[in-house]
Amino acid sequence: MAIRVFLTLLLFLSSAIVSFSLYEDQAGLTDWHQRYIGKVKHAVFHTQKTGRKRVIVSTEENVVASLDLRHGEIFWRHVLGTKDAIDGVGIALGKYVITLSSEGSALRAWNLPDGQMVWETSLHTAQHSKSLLSVPINLKVDKDYPIIVFGGGYLHAVSAIDGEVLWKKDFTVEGFEVQRVLQPPGSSIIYVLGFINLSEAVVYQIDSKSGEVVAQKSMVFPGGFSGEISSVSSDKVVVLDSTRSILVTIGFIDGGLSFQKTPISDLVEDSGKAEILSALLSNMLAVKVNKRTLFVKVGGEGKLEVVDSLSDETAMSDSLPVADDQEAFASVHHEGSKIHLMVKLVNELDNVLLRETIQMDQHRGRVHKVFMNNYIRTDRSNGFRALIVMEDHSLLLLQQGAIVWSREEGLASVTDVTTAELPLGKDGVSVSKVEHTLFEWLKGHVLKLKGSLLLASPEDVVAIQELRVKSSGKNKLTRDHNGFRKLILALTRPGKLFALHTGDGRIVWSMLLKSPSNSQACERPNGISLYQWQVPHHHAMDENPSVLVVGKCGSDSSAPGVLSFVDVYTGKEISSSDIGHSVVQVMPLPFTDSTEQRLHLIADTVGHVHLYPKTSEALSIFQREFQNVYWYTVEADDGIIRGHVMKGSCSGETADEYCFTTRELWTVVFPSESEKIISTLTRKPNEVVHTQAKVNTDQDLLYKYVSRNLLFVATVSPKGAGEIGSVTPEESSLVVYLIDTITGRILHRLSHQGCQGPVHAVFSENWVVYHYFNLRAHKYEVTVVEIYDQSRAENKNVWKLILGKHNLTAPITSYSRPEVFTKSQSYFFAQSVKTIEVTSTAKGITSKQLLIGTIGDQILALDKRFVDPRRTLNPSQAEKEEGIIPLTDTLPIIPQAYVTHSHKVEGLRGIVTAPSKLESTTHVFAYGVDLFYTRLAPSKTYDSLTDDFSYALLLITIVALVAAIYITWVLSEKKELSEKWR
Amino acid sequence: MAKLTLLFFLSFLIFSSCIAFQSDELLVDDDEFGLEGAKPRSTDLHTSSSSSPQQQQQTPTIRRRYSDPTDLDSKVQFTLEHAFGDSDFSPAGTFSARLKTWSHGGKTLTKLRFSRNDFSAEEKEAFKNLLKGDDFYRIRLPSNVVSPPGREFVIASVRARCLPRDGLDEHFIIHMEGANILAVSYGSPGACQYPRQLKLPAKWSFNSHTILKSSEQAPRTPIFTEEILGGENVEGEVEPPPERSFWAKYWMYLIPLGLVVMNAVTQASNMAEEPAGGQAGGAQMQPAARRR
């Protein structure tokens, strides 16, 4: 009896230990955070001092960062706004990093060691133009050598010490385009070279102290320029003429201006359209003609002479001064799976200073950029290291013939994400492994027990924490019982597919999309979207799951598409095909064939749809449902939404039997003068709805209108489509619609006067939550719309249900007139929002949380209960019991509800949720420049014990109890015996 | 301070009602004064008409008491066109309405009437074919009623088998924005059975119902002054948590206690028995001892 009491007590205790929120020591147990910077545009090395060697980079994701040259770690980084593209980076005074951004209008200085902003100057700009940054190299604190910035038609001289604008000069002359700002070292004259209407070259000489124009020369070039330019020395530039067949050397020594023409045909036999490469080489330029790279030396009098030529696929760095007034540059070219890095002297191209061959992963593609840096070796000779940017945006440091470190920067530009299961674990596990793990397991639990009984020493605490982070087997590459281990498949902009492990975020495999036909027109397709192609269960268990990657050749909307099928377990491409038509819309159908391949429809620009996979089985499945396949298109620019139905097979020679024509069924035409589509949204196709009905407080039933064919559309007045605050409340209004995409019926239409976009919305089950700006209240608002079905409302009577007189099992058709009603309510929300998502669980039983990506790049989890349209000011007792929260005008932002806790997902663009096998838990993956993953349990983990549960304590207790029983039994036996002997 | 807030709140209310008045000007009813400050924000206008073979009747359901003397209204007419399956569109009826122009430039359609043309023999045949093939009967309206067809036609369609009942029942919901037609929902007034049965109409005449809909205004986000909130909060704090029964509170202690008590009782009863048994045993043993 005592045992039972003790056991019950123990059970109570153990259930009481279950924690309901994230504690400090739980951070990092299930979540991980990876920091990226994006594809590097500029790199400036800082290696002079003996201290930390670092490289300052700016990227296409508008990040400026300082990286450790030894390990590639980020010392510091700053993510500038999305519209704040970086035009130039430099190091001034040896201690400030100078960045020019926003088309030459924002100049900032960051402290080199720690990245603190030192000063920021916003420069006056008047027009769009090139922006050029020139930072003096000398280390003297001297106002004579200011930073020269050109941007927006103005030339500014800015002091590097405090960012003060020393002078500015207006170059906003009609048709004048500044091409280069040059300052010969040691000179106080700045040369500003520009073209007027690309036909007249103008050189201004400007005094760098005062900004006054000392001299001005102009000269008309009859043929006109193409705009491509390369500055070869401080007093010479080489440009291409408008026919791209003549190189023109422009010399402006001592205020003079001279042209010297050299036809390309004089330099190389097979002349064609030439292209000047951007590499800066002293007294030399690189020209690309007919896929060959020519090195053209510029002589003293502007004479051009070809000194070397290389095959294509060569990337070059700028030249760099090495000892004895000589300059060197690095070039990288491919040969099979290897790359060759060569460093040559500019003056003597035969003199190769360094030749290294490095084995390179095929899935990194070609080398795009090379940045070179030199150092002094231990034997006092020159050493070189090169930072290379690959086609998949990864960043690698090469030194001494090896890859010192690499960063997968492609993951900073994720475009689409899906999840996939891991392979099932093998049954046979060796005995030694089990013993090892058993011992480890016991040891771990003893440690945990110590921790929970407050007996642990500080070392033990550290060990416990380590153990928890390792959390035995969370990083295994096999499926687990709870579905916590999964693969996150992320498609990046350069067309590389990554598989990340949910346990620790490591890359399991990666694959760069290849063009199937290796045609010249499409060397590397860019990835657009990712679909689940084959998810084997039931009768195709032996097949590996696969995903469909839809890519496109070129940026044009009519560019031909490329399909690629990738095995999820191995990361190998199963097949790929050039589909020969464009891709406008990909529609996964709710049918699968006998091998569990999902049928997809792809719409092209001509208005035809194509069925995939192209098998006769798929075709027969599709033909069966031919009558019931509808689709819609949103023409956001024209403000028209069209519904279509399948009509027949395509006609024409090129058409095959998998191509179908469609017919227009309905249109919704928004008046162009008053409404403009800014957002459309549908439910997730794989969402699970657990219950169709909702029980009210008064024991009343509400039936949810759960339809897969609902489209949420938000429109604003065309005037209000701009930035927030650009219009008065009277001028702007926001209208939201719920449209049935089969019949084009508008089921709900609500206009918000004096409101403005951008609209961020989330659609789940029968509700939509959307976020917008209210101009009258000067606040952001969140509105919820829930849509309920009235036609089934009579099915409340129990007798009707028992006698079967209900219409719950009747098929639902969109052609019936829907009897729906909506409930809606608005709340203020204090933050501006980047994206909204909703948690999704396996069966849809667990209550939902909204995941709001805030402007601070964090993710806030907000219970759906807060955005319930039924909230009232004074809920009755019954309503309170149901969980209705008293009405407030503002949604609460609870600091503990940030699922990202201390992390920031810089440049947050999207959140993806996926269910795990455990009903209570959902996977959350957020991507932007950074990646973040965590597991959430919106209603707490009600269906499993926590990781903290001490099995050891339970085990020890049981053992102790059994022992106690045995001992007492023995004792009592003895006692009885002695009793009998008495 | 409290008064000031109250005053502010009241003035806000007045202000907001002013705004509400402005938006109320979009009402359908000609009688402005009768409806000043009135609530209806959704302006649904119902019209139903039925056409018989002999003559076309229009039965507008809404009648006005008098019309505005400063009448800026103009009559507009726009045609309904239909198509059978993939055929071209041909006229099928006429909507006529009054376009009311408001002083602030807004326009609304009122007094919508609809006259449906009857099916010609050809059209009947075409419709029968649609019924056989379970194909689509399509209609379209101009997207702008003032200058038809406007930018584009607004199209809607329905499976032809949904329409026939006794006659041909149809139901239009025309979504308007000023003088523009956004969309039209078209179908049978009630349910459409699935699977759809082939059924020819008994009468080849249309029974039309039309609803004109303009957009609903979203309700204002409730704004609570701090007083209300504060008051509530205080109340909420004062309010004791809901009284739970003794059992609900202490069950976790009571069960073990009960078990202990039960245990003790059984122990006690055992003890009670034991001495008795012991005595009995003793009684039995004593003679035995004596025997020894």
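In what sense, and over how many bridges, do strands E37(A) and E38 of chain A pair? In this predicted model, strand E37(A) and strand E38, the latter formed by residues 507-512 of chain A, pair in the antiparallel sense, and five bridges connect them. Within this pairing, A:Phe498 is placed opposite A:Ser510 of E38(A). Five residues lie between the two strands of this hairpin, and A:Gly505 adopts a positive phi near 80° there.

Strand E37(A) also has a partner in strand E36, which comprises residues 487-492 of chain A; these two strands pair in the antiparallel sense as well, over five bridges. Here A:Leu491 is the residue found opposite A:Leu497 of E37(A). The hairpin of E36(A) and E37(A) has three residues between its strands, and A:Gly495 takes a positive phi near 90° in it.

The surroundings of E37(A) can be described residue by residue. On one side of the strand A:Lys496, A:Phe498 and A:Leu500 are buried, and on the other side A:Leu497, A:Ala499 and A:His501 are buried too, so that both faces are covered. Because six of the six residues of E37(A), residues 496-501, are buried, where buried means under 20% relative accessible area, the strand is largely enclosed by the rest of the structure.

Helix H5, made of residues 616-624 of chain A, has as its buried residues A:Ala618, A:Leu619, A:Ile621 and A:Phe622. These residues lie on the same side of H5(A), because the arc that they cover around the axis is only 165°. An α-helix has 3.6 residues a turn, and therefore residues three or four places apart point the same way. The face of H5(A) that is turned away from the buried side carries A:Ser616 and A:Arg624, both of which are exposed. The cover over the buried residues of H5(A) includes strands E43 (585-592), E44 (598-603), E45 (609-612), E47 (640-649) and E48 (659-669) of chain A.

Considered as a whole, chain A contains eight helices and 64 strands, and its C-alpha trace spans about 120 × 85 × 60 Å along its principal axes. Of the 982 residues in chain A, 52% are buried, while the chain exposes about 44,400 Å², with carbon and sulfur atoms supplying 53% of that area. Among the contacts in chain A with a separation of 6 or more, 50% are accounted for by residues 24 or more positions apart.

Chain B, for its part, has four helices and eleven strands, and buried residues make up 37% of its 292 residues. The area that chain B exposes is about 17,100 Å², of which 57% is supplied by carbon and sulfur atoms. When contacts in chain B between residues at least 6 apart in sequence are considered, 63% of them join residues at least 24 apart.

The two chains meet at an interface in which 50 residues of chain A are in contact with 56 residues of chain B. About 4,700 Å² is buried between chain A and chain B, and carbon and sulfur atoms give 53% of this area. On the side of chain A, the residues that lose the most area to chain B are A:Arg749, A:Tyr815 and A:Arg817, which together account for 16% of what that side buries. Four salt bridges are found across the interface of chain A and chain B. A:Arg663 forms a salt bridge with B:Asp135, and the closest N and O atoms of this pair are 3.3 Å apart.

How values were computed:
Residues are numbered from 1 along each chain as its sequence is written. Chains are lettered from A and ligands numbered from 1 in the order in which they are written. This is a predicted model: local features need pLDDT of at least 70, side-chain atom pairs count only at pLDDT 80 or more; totals for chains, interfaces and linings use all residues. Side-chain values use heavy atoms; hydrogens and water are left out. Buried means under 20% relative accessible area, exposed over 50%, partly exposed in between (1.4 Å probe, protein chains only). Two strands pair if DSSP finds at least two bridges between them. The arc is that of the directions from the helix axis to the C-beta atoms. Contact means heavy atoms within 4.5 Å. Accessible areas come from the Shrake-Rupley method with a 1.4 Å probe; for residues, only the protein chains shown count as cover. Buried area is the accessible area (1.4 Å probe) that two parts lose on being put together, summed over both. A salt bridge is a side-chain nitrogen of Lys or Arg within 4 Å of a carboxyl oxygen of Asp or Glu.
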